[in-house]
Amino acid sequence: MKLIEPHYRLENCGGKEWRFQESAEMQVATEKFDTLLEKTFHSPSLAALYKILEKHPNHIDVLHHYASLLQNEGKHIEGLAFSQMAVAIGTRAFPKHFVIGQDTLPTGFTANRPFLRALHGLMLAERTVDLIEDAIATGEMCLALDHQDRMGAARF
């Protein structure tokens with residue numbers, strides 16, 4: 001019997017600070033994604049990202065970048081859906097005793113940045129389709145998780 005490893009989990013780094021940990025499968029996807037970013041000078045195409053998503057549909061950063069490109073092409077509803085997927089995958093990793101506002105995901109841990117980017121992207125996608133209350137709530141969550149606000153949620 002093969003055990004199924006969760007795609008992501010949070011590791012307590014002491015106090016109320018947490019860090020995302022990728023499964024072996026997600027690490028492979030991250031390597032593919034990083035290679036793609038290097039080859040395309042950080043401007044991958046939708047098709048190239050979709051190719052990674054076909055094999056790794058739960059990769060937060062690829063989902064976020066795919067959603068951002070859809071938004072840039074004016075496909076706002078599709079972009080919103082992919083942003084929602086990325087954030088949902090990340091929040092599934094939160095342990096039951098994780099308390100947003102008390103527990104944090106500092107951006108000093110680079111492993112937290114993909115989820116925080118996805119959360120920020122969701123806020124922007126919600127705002128674009130006039131889901132203003134949702135965008136505010138998402139922005140507040142982003143600020144509660146990252147007190148340093150390196151994603152710039154407070155600007156919107």
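A: Let's start with a term: a disulfide is a pair of cysteine sulfur atoms within 2.5 Å. This is a predicted model, in which local features need pLDDT of at least 70, side-chain atom pairs count only at pLDDT 80 or more, and totals for chains, interfaces and linings use all residues. Residues are numbered from 1 along each chain as its sequence is written, and side-chain values use heavy atoms, with hydrogens and water left out.

Q: Why does Cys142 form no disulfide?
A: The closest cysteine sulfur, in Cys13, is 18 Å from the sulfur of Cys142, so a bond is ruled out by distance. The count is zero disulfides.

Q: What makes Cys142 buried or exposed?
A: Buried means under 20% relative accessible area, exposed over 50%, and partly exposed in between (1.4 Å probe, protein chains only). Cys142 has 1% relative accessibility, so Cys142 counts as buried.

Q: And how is Cys13 classed?
A: Cys13 has a relative accessible area of 29%, so Cys13 is partly exposed.

Q: Why are helix 3 and helix 4 called roughly antiparallel?
A: Helices (H or I, at least four residues) are DSSP runs, numbered from the N terminus. Axes are lines fitted to C-alpha atoms over the stretch in contact, and angles run from 0 to 180 degrees between N-to-C directions. The axes of helix 3 (residues 60–72) and helix 4 (residues 76–91) cross at roughly 165°. Angles under 35 degrees count as roughly parallel, over 145 as roughly antiparallel, 65 to 115 as roughly perpendicular and the rest as oblique. Helix 3 and helix 4 are therefore roughly antiparallel.

Note on methods:
Helix = DSSP H or I, 4+ residues; strand = E, 2+ residues; numbered from the N terminus.
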